[in-house]
Every structure is written in structure tokens, then in C-alpha cells.
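Visitor: Hi, I have just opened this one and would like a slow walk through it. Could you show it to me and start with the pocket?

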Amino acid sequence: YTDEPTIAVIEINNENSLFSQYFRGNIDKLPDPYAAEFRKQWNIWLKKKYKTTADLKKAWISGNNSLADNKNSEVEAEMKILLGNNNQIEDHSIPTVKAGSSVYSSARKDFYQFLTDTEYSYWTGMYKFLKDDLQVKSLVSGTQLGYYSTPFNQSALDYVDIHAYWC
């Protein structure tokens with residue numbers, strides 16, 4: 001199929017992404033060992049950015065958070081879940097940011113960037129496998145643009161897919 005002239009395009013994963021699963025609440029429902037692995041990857045990402053739990057807490061608590069963040073008891077309670085119970089990036093125990101939760105904007109921004117970076121690695125890794133290892137000649141797309149993935153991530157591939165159903 002790598003040389004098949006009738007295969008014009010390949011979509012790696014149809015209408016699916018971490019972002020779509022996150023906003024639907026499905027990542028929050030992952031069972032172990034998948035939830036543990038995802039939390040581990042999140043903590044590795046945090047450690048790469050902040051180096052220590054102390055630096056992470058300093059950035060999240062004193063960072064550029066909105067005034068609403070600092071006066072909201074729901075936000076404070078959610079932040080205690082993330083940063084309490086001796087949670088540390090060193091032992092991969094900082095929980096993921098739950099969909100719809102009220103946390104400091106700095107924590108939410110970090111989690112969104114983690115999702116973006118993780119997706120980018122997935123899409124470009126699969127693209128490289130298809131093009132370099134399998135030597136696929138067809139054009140390759142990741143998934144449908146819009147609510148499934150970000151334009152930035154999809155622009156790294158051969159084409160960006162956005163389509164509608166007309167029946």
C-alpha cells in the first residue's frame with residue numbers, strides 16, 4: 001500500500017485527539033494503568049519545565065493568575081487537590097487537571113500546553129513512522145481540525161483536514 005496510487009491520503013486518527021477526549025471528560029475517567037501513565041507523563045513534563053516541586057508551586061501560586069483566581073474558594077479547593085497531600089513532581093504524584101475544574105490559570109495553561117506538546121509528539125512521530133519507516137507516498141493528515149486538534153499541531157503534517165457531512 002505504500003506505493004498504491006489509488007490511496008491519495010492517510011488520516012492517522014479520524015476525529016480524535018487528546019483535546020477532544022479531555023474536554024469530554026474522558027481523560028478523567030481513564031482506569032489504571034492508563035491514568036497512572038498519563039499522570040507520570042504530565043509530571044515529567046512539569047519537571048522538565050520547573051525542575052522542582054517548590055519551583056512549580058511558586059510559579060502556580062504567585063504567577064500571573066487573574067484576580068478571580070485568588071478570591072474564589074472553589075479555585076483554592078481545587079489547587080489544594082493539585083498541590084496538597086505531599087504531591088510532588090519528583091514522584092509523579094501531581095494529579096492531572098480535571099476537565100471543568102477551577103484551578104489557577106497558570107496551572108490550566110500548563111496543562112493545555114502539556115496536551116499540545118503530547119499531541120504534537122504523537123502526530124509528528126506517527127508521520128515520521130509512515131513517511132520514513134514505511135515510506136508511504138500518500139499525503140498524511142493527523143485528524144480533523146477544529147474541536148479535534150489544534151491548527152499548530154496539524155500544520156506540521158502534509159495537509160490539514162476540515163470537512164463536513166452534507167447528507
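Guide: Before the pocket itself, one term is needed: a pocket is an open set of grid points with protein on both sides within 12 Å along at least five of seven lines, and its lining residues are those that have an atom within 4 Å of a point. Please also keep in mind that this is a predicted model.

Visitor: Okay, so which residues line the largest pocket?

Guide: The lining of the largest pocket is made up of Leu18, Gln21, Asn26, Ile27, Leu30, Tyr34, Glu37, Phe38 and Gln41. As for its volume, the largest pocket comes to about 190 Å³.

Visitor: Which elements give two or more residues to that lining?

Guide: Those elements are α1, which spans residues 18-23, and α2. The largest share of the lining comes from α2, which provides four residues.

Visitor: And how does the lining divide into nonpolar, polar and charged residues?

Guide: Five of the lining residues are nonpolar, three are polar and one is charged.

Visitor: You listed Phe38 there. Is Phe38 buried or exposed?

Guide: Phe38 is buried, because its relative accessible area is 10% and the cut-off for buried is under 20%.

Visitor: Which ring does Phe38 pair with, then?

Guide: Among the 16 aromatic pairs counted in this model, Phe38 and Phe111 form one that is edge-to-face, with 6.5 Å from centre to centre and 85° between the planes. Phe38 lies in helix α2 while Phe111 lies in helix α6, so this pair ties together parts that are 73 residues apart in sequence. Phe111 is buried as well, with a relative accessible area of 0%.

Visitor: What about Trp42 and Trp45, how are their rings arranged?

Guide: The ring centres of Trp42 and Trp45 are 6.0 Å apart and the planes are at 15°, so that pair is stacked. Both of these residues belong to helix α2, where they sit three residues apart, about one turn of the helix, and both Trp42 and Trp45 are buried.

Visitor: Which residues form the aromatic cluster?

Guide: One cluster is formed by Phe19, Tyr22, Phe23, Phe38, Trp42, Trp45, Trp60, Phe111, Tyr112 and Phe114, and Phe38 from this group also appears in the lining of the largest pocket.

Visitor: Switching to charges: how many salt bridges are there?

Guide: The count comes to four salt bridges. One of them joins Lys137 and Asp3, whose closest N and O atoms are 2.8 Å apart. Lys137 is in the loop between α6 (105-133) and β2 (139-141), and Asp3 is in the segment before β1 (9-11), so the pair ties together parts that are 134 residues apart in sequence. Both Lys137 and Asp3 are exposed.

Visitor: And where do Asp110 and Lys49 sit, the pair that links distant parts of the chain?

Guide: The side chains of Asp110 and Lys49 meet in a salt bridge, at 2.6 Å from N to O. Asp110 sits in helix α6 and Lys49 in helix α2, which covers residues 34-50, and the two are 61 residues apart. Asp110 is buried, with a relative accessible area of 2%, whereas Lys49 is partly exposed at 45% relative accessibility.

Visitor: What does Lys131 form a salt bridge with?

Guide: Its partner is Asp158, with the closest N and O atoms 3.2 Å apart. Lys131 is in helix α6 and Asp158 is in the segment after α7 (151-154), so to speak of their spacing, they are 27 residues apart. Asp158 is partly exposed, with a relative accessible area of 30%.

Visitor: Now the backbone. Which peptide bond is cis?

Guide: The peptide bond from Asp32 to Pro33 is cis, with omega near 10°, and Pro33 has its place in the loop between α1 and α2.

Visitor: Which residues have a positive phi although they are not glycine?

Guide: Glu15 is one of them, with a phi of about 50°; this residue is in the loop between β1 and α1 and counts as buried at 19% relative accessibility. His92 is another, with a phi of about 60°; His92 lies in the loop between α5 (73-83) and α6 and is partly exposed, with a relative accessible area of 28%.

Technical notes. Residues are numbered from 1 along each chain as its sequence is written. This is a predicted model: local features need pLDDT of at least 70, side-chain atom pairs count only at pLDDT 80 or more; totals for chains, interfaces and linings use all residues. Side-chain values use heavy atoms; hydrogens and water are left out. Buried means under 20% relative accessible area, exposed over 50%, partly exposed in between (1.4 Å probe, protein chains only). Rings of Phe, Tyr and Trp (its six-membered ring) pair if their centres lie within 6.5 Å; planes under 30 degrees apart count as stacked, over 60 as edge-to-face and the rest as tilted. On a 1 Å grid over the protein atoms alone, a cavity is a set of points where a 1.4 Å probe fits but cannot get out, and a pocket is an open set with protein on both sides within 12 Å along at least five of seven lines; lining residues have an atom within 4 Å of a point. Grid points are joined across faces, edges and corners, and a volume is the space filled by probe spheres set on the points. Ala, Val, Leu, Ile, Met, Phe, Trp, Tyr, Cys and Pro count as nonpolar, Asp, Glu, Lys and Arg as charged, and the others, Gly among them, as polar.
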